[in-house]
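Me: I have a model open on my screen and would like a close look at one part of it. Could you walk me through that part and then show me how it sits in the rest of the chain?

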Amino acid sequence: MSQSLFNPKTCEFTEFDTETRRLLRATVDYFEAFGKTRLLADNRDRIWYSDFLDFVKRERVFATFLTPAAEAAGDPNKRWDTARNAMLSKILGFYGMQYWYVWQVTILGLGPIWQSANVEAKARAAALLESGQIFAFGLSERDHGADIYSTDMVLEPKRGGGYAATGSKYYIGNGNLAGMVSVFGRRADKPIIDSADFQRKMTEEEYSGYLFFAAESGHKNYKLVKNVVDSQMYVAAFDLDKYPVAESDVLHTGRAAFDAAMNTVNIGKFNLGFGAVGSCEHALFEAVTHAHKRVLFGHKVTEFPQVKSLLADSYARLIGMKLYSERAIDYMRSADDDDRRYLLFNAIEKMSVTRHGQKLYEDLADVIAARGFENDMYFPMAMTGMFGLPRLEGTVHVNMALSLKFMPNYMFHPADAGLAALRYLPGAGVAPKGAVRAVSGALSWTSRRASGPAAKAVPALKSEFRRAAHAPVPTRRDAADDEFLFRQGPSSGLGKIRFSDWRPVFEKFAHIPNVAVFLEQALALQTLLAAATPTAAQQQDVDFLFALGELFTQLPYAQLILEQAEIEGADESVLDQLFDLFVRDFSKHALTLHTKPTATKAQQVRALDLVRRPVADLARFDRVSEQVRALAGVYEMNP
């Protein structure tokens with residue numbers, strides 16, 4: 001599934017149930033009948049996609065895919081199924097991020113509603129979905145952005161009950177026509193939290209004034225100001241002017257309102273990676289077809305050495321995006337109160353998959369050059385959307401900061417306790433690489449071998465091993481309702497999440513030359529973290545931490561790729577090419593860490609231990625290049 005590109009001409013969606021297959025196929029057929037000429041013209045002329053929304057209403061696409069089973073009134077086809085939602089995200093991204101966007105912000109708008117205990121509001125949302133309505137998520141504000149503590153959406157309590165809401169929201173997708181807008185605000189009679197002090201633990205009283213409520217975009221006190229972007233999609237600025245909020249409109253209050261905001265983003269941001277995958281698949285088909293047909297100086301452009309290198313990397317990069325994303329679905333769908341690893345993996349889905357997509361577009365732009373700006377190409381339309389994805393639903397910086405919270409528990413399984421001894425060995429931070437590698441390897445091996453006896457002898461360690469022991473996560477394409485996503489609970493406690501040992505899957509693939517090299521780099525990073533731990537000052541230095549985060553997040557990204565590669569029996573030549581790329585990227589990030597002004601001497605030395613040269617293999621490279629050239633002419637959108 002992940003080893004071939006999505007082809008609308010041949011896709012059958014066999015992993016899904018009958019009604020899901022029908023709706024996915026109908027969506028593809030809608031766009032192919034719509035045609036590329038009209039698709040590009042409507043985008044260029046910024047035509048609101050009412051035709052597409054008529055199709056959504058007629059086929060009940062959003063109603064079927066976005067209504068949880070608990071609100072489905074007995075309809076067996078309605079459920080919140082992350083696997084099929086991801087596939088629809090991919091299809092919509094394939095045809096244009098503007099179509100993906102109207103779906104995406106509907107998902108965000110529904111998040112606070114489906115998490116709410118407000119039965120009336122949920123029934124209203126289900127009915128609106130059934131009637132073909134879209135939804136919006138009223139969180140951000142122009143002056144405050146992601147600083148939701150400082151919201152200026154203020155609700156004045158009314159003597160007879162309820163509130164009057166006054167304030168502005170900015171950058172709200174679907175805010176022009178949403179049947180319900182989930183709006184975040186605060187009560188005028190309660191204290192406001194000082195966001196400059198957000199890292200301390202807040203009291204329940206401090207949280208008590210914040211709330212989520214549902215508004216209607218058609219209400220006379222809802223003032224639509226403008227579309228803030230020059231685009232086919234509508235990204236609204238709107239004002240509420242003494243908007244009447246009844247108690248029946250309130251979705252969440254106090255700390256629960258903050259949790260609903262964070263958990264909604266956890267659900268929604270997962271889709272960005274799949275939109276990126278779809279967009280990259282279409283772009284790669286278009287780029288390879290153009291380059292292979294074009295003959296310059298007696299050679300096809302796809303025969304030029306620099307183009308072969310760009311295309312081989314792009315193809316391997318895309319296969320990696322697909323493998324990671326497919327496996328991340330399984331972790332999302334298998335999540336529960338005892339296994340919240342999805343919080344790391346979906347942050348990486350949002351951050352890393354989208355950035356790989358952006359890099360793919362940059363490389364393809366160098367392949368097709370001026371052709372990438374012509375008005376009959378999908379590429380220029382999609383490029384704008386692709387560059388936006390890493391910066392939506394929390395920037396790369398926000399998701400990197402979140403990912404770093406998991407680094408200690410991910411990098412150091414309880415079986416690695418012995419590695420901690422490195423920090424107490426005199427000179428470990430600046431000793432020769434070979435000596436440190438030998439010592440750290442011995443400590444790691446001893447720790448893993450001694451883990452069983454140690455757990456028996458030390459009750460606390462036994463508990464740690466139990467928390468880090470997760471049952472294998474199965475492939476999840478079953479027709480099930482992912483109801484846990486709407487009861488994720490408090491957004492705190494990330495430091496308690498434990499991960500299984502990441503090394504075994506790398507060791508299983510270590511016969512592939514560049515996987516073996518990457519594993520060496522990963523183990524060297526583990527050694528760096530043990531022997532040259534970030535200082536207290538560095539742990540407050542976001543610039544330094546991001547350099548470290550670039551290295552760390554490559555590990556879980558590569559881990560899930562290999563897990564899915566094992567499930568699918570992925571082509572080892574493509575995997576070797578992909579890890580050739582990963583080795584280069586890891587070395588680049590290691591050099592960045594080495595040159596950071598705040599890096600200690602020990603960190604500078606140990607960072608250079610991470611630099612490796614990938615294993616070159618011309619025969620492997622040629623095999624991958626041949627797979628890329630075979631894409632030429634395979635798919636072109638109906639005109």
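Leaving aside its neighbours within four places in sequence, which residues is phenylalanine 52 in contact with?

Reply: Happy to help! Please keep in mind that this is a predicted model. Once the neighbours within four places in sequence are set aside, phenylalanine 52 is in contact with Tyr30, Phe31, Phe62, Leu92, Tyr99 and Val102.

Now for the setting of that residue. Phe52 belongs to the largest nonpolar core, a set of 186 residues, and together with Phe506 it touches the most other members. The element that gives the most to this core is helix α11 (residues 305-333), with 15 residues. There is also a second, separate core of 18 residues, and among its members are Ala136, Met153, Val181 and Val245. As general background, nonpolar side chains in soluble globular proteins tend to be buried together.

Moving along the chain from Phe52, you can look at arginine 60, in the loop between α3 (50-59) and α4. Arginine 60 has a positive phi of about 60° although it is not a glycine. Most residues other than glycine have a negative phi. With a relative accessibility of 27%, arginine 60 counts as partly exposed, because that class runs from 20% to 50%. Phenylalanine 297 also has a positive phi, of about 55°, without being a glycine. This phenylalanine sits in the loop between β9 (295-296) and β10 (299-300), and its relative accessibility of 80% makes it exposed.

Past α4 comes alanine 69, in the loop between α4 (61-66) and α5 (82-95). Alanine 69 is partly exposed, at 40% relative accessibility. Apart from neighbours within four places in sequence, alanine 69 is in contact with Lys78, Arg79 and Asp481. Glycine 145 is 76 residues from alanine 69 in sequence, and their C-alpha atoms are 34 Å apart.

For a helix with buried residues, try α14 (residues 396-404), where Val396, Asn399, Met400, Leu402, Ser403 and Leu404 are buried. Those buried residues pack against α12 (342-368), α15 (407-411) and α20 (542-552).

Two further helices are worth a visit. Helix α24 (residues 618-629) holds glutamate 626, which is partly exposed at 45% relative accessibility. The C-alpha atoms of glutamate 626 and lysine 308 are separated by 9.4 Å, with their positions 318 residues apart along the chain. Helix α22 (residues 572-595) includes threonine 595, an exposed residue at 54% relative accessibility. From threonine 595 to arginine 124, 471 residues apart along the chain, the C-alpha separation is 56 Å.

Finally, the whole chain. It contains 24 helices and 10 strands. Its radius of gyration is 25 Å, close to the 26 Å that the globule rule gives for 639 residues, so the chain is as compact as a globular protein of that length. Along the principal axes, the C-alpha atoms fill a box of roughly 75 × 70 × 45 Å. Of the 639 residues, 59% are buried. Among contacts with a separation of 6 or more, 81% are between residues 24 or more positions apart. The accessible surface is about 25,000 Å², and carbon and sulfur atoms account for 55% of it. As for charge, the mean positions of the 74 positive and 76 negative charges are 3 Å apart.

Conventions:
Residues numbered from 1 in each chain as written. Heavy atoms only, no water. Helix = DSSP H or I, 4+ residues; strand = E, 2+ residues; numbered from the N terminus. Rg over C-alpha atoms; globule rule 2.2 N^0.38 Å. Buried < 20%, exposed > 50% of the residue type's maximum accessible area, 1.4 Å probe, protein only. Contact = heavy atoms within 4.5 Å. Areas by Shrake-Rupley, 256 points an atom, 1.4 Å probe, with all protein chains shown as cover. Lys, Arg positive; Asp, Glu negative; His and termini not counted. Charge placed at Lys NZ, Arg CZ, Asp CG, Glu CD. Core = buried A, V, L, I, M, F, W, Y, C linked by side-chain atoms within 4.5 Å.
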